Amino acid sequence: MRIETFPGVATALPAQILHAALNFVLPPRCASCGVQTGSTGGLCTECWTQARFIAAPQCCQCGYPFELDFGVGVRCGACLSRPPYFDRARAAVAYDDRIAQIVIAFKHGDRTDLAPGLAAWMRRAGGELLQEADIIATVPLHRRRLFSRRYNQSSLLGQPLARAAGIPFIGDLVIRQRETDSQGHLSPSARRRNVEGAFRVAAQHKDTLKDKRVLLIDDVLTTGATVNAIARRLKREGARTVDVLTLTRVVRETSVS
Ligand SMILES: [Zn+2]
Ligand SMILES: [Zn+2]
């Protein structure tokens, strides 16, 4: 017997109509300050003009933005004095009070609708890294934090990036094997000690990892201690390269180490 299928009401509606209807009920708001804006997942004009998007010239390794163009392949002082284990780190925008509001809204405020827009910023900042990656992975949350936040915000950024780049997303590649103290108030050297040995590679992915170029996704890069510890572990397990792409990074006088 031949069964005719008829599209349901929801599938009959073009996506644009659904989108417009949703915008009517829930008008899009600025990702940073919350004022009403014209587009979903974007910033209002005021916040957009204030945001410091990061681009070249920058340290070829950690991505720290330079005031002057010193040429291609130049490292910052921090990377020269204490070379990180990761190959390259890039971030879309410099961390400040406005960006902090976005991170908080995304992390704790259930603004998961921001993910595609934020991922698009990251795609611009990390185009080369995305092109060259074999695998996209994320910095794991501790189980307790995952429970309190209900989702890993880095996965929400990593999944659309992997889809757009056409490469596999492995959300559980890296496992946090012991709880680390909150990093917020620790000095850079204390952060390094805090995260050393805190991560391992999931047993089921060890073979997959061999000779692969891994791109790690996180929301914020502060000192880089966490991604550095993960990069070290991934390389010990056979990763060929480890790059890091974050939504935002702290830009201060002394760079990451
Ligand atoms: Zn705004
Ligand atoms: Zn650097």
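The paragraphs below walk through a predicted model, beginning at a metal site and ending among the nonpolar cores.

A good place to begin is the zinc ion (ligand 2), which is held by the SG atoms of Cys-59, Cys-62, Cys-76 and Cys-79 at 2.3 Å. Along the sequence these donor residues follow the spacing C-x2-C-x13-C-x2-C, and the pair Cys-59 and Cys-79 links distant parts of the chain, since Cys-59 lies in the loop between α3 (45-50) and α4 (77-81) while Cys-79, 20 residues apart from it, belongs to helix α4. Because the angles that the four donor atoms subtend around the zinc ion run from 106 to 115°, the arrangement is tetrahedral. Cys-59 is buried, with a relative accessible area of 0%, and Cys-79, at 1%, counts as buried as well.

We can now turn to the nonpolar residues. In soluble globular proteins, nonpolar side chains tend to be buried together. The largest nonpolar core of this model holds 32 residues, of which Leu-173, Leu-216 and Leu-234 touch the most other members. Several elements give two or more residues to this core, including α4, β2 (135-138) and β7 (241-249), but the largest share, six residues, comes from α12. Leu-173 touches, among others, Ala-137, Val-201, Val-214 and Leu-234. Apart from this core lies another, of 31 residues, among them Val-93, Phe-106, Ala-133 and Leu-161.

Helix α12 deserves a second look, for Arg-236 is also found in this helix, which spans residues 225-236. Arg-236 counts as exposed because its relative accessibility is 55%. From C-alpha to C-alpha, Arg-236 and Val-201 are 9.9 Å apart in space, although 35 residues separate them in sequence.

Technical notes
Residues are numbered from 1 along each chain as its sequence is written. Chains are lettered from A and ligands numbered from 1 in the order in which they are written. This is a predicted model: local features need pLDDT of at least 70, side-chain atom pairs count only at pLDDT 80 or more; totals for chains, interfaces and linings use all residues. Side-chain values use heavy atoms; hydrogens and water are left out. Donors are N, O and S atoms within 2.8 Å of the metal (3.2 Å for Na, K and Ca); water is not among the atoms, so sites may look incomplete. Four donors count as tetrahedral if all angles lie between 85 and 135 degrees; four count as square planar and six as octahedral if opposite donors are over 155 degrees apart and all others between 65 and 115; anything else is irregular. Helices (H or I, at least four residues) and strands (E, at least two) are DSSP runs, numbered from the N terminus. Buried means under 20% relative accessible area, exposed over 50%, partly exposed in between (1.4 Å probe, protein chains only). A nonpolar core is a set of buried Ala, Val, Leu, Ile, Met, Phe, Trp, Tyr and Cys residues joined through side-chain atoms within 4.5 Å. Contact means heavy atoms within 4.5 Å. Lists of a residue's contacts leave out its neighbours within four places in sequence.
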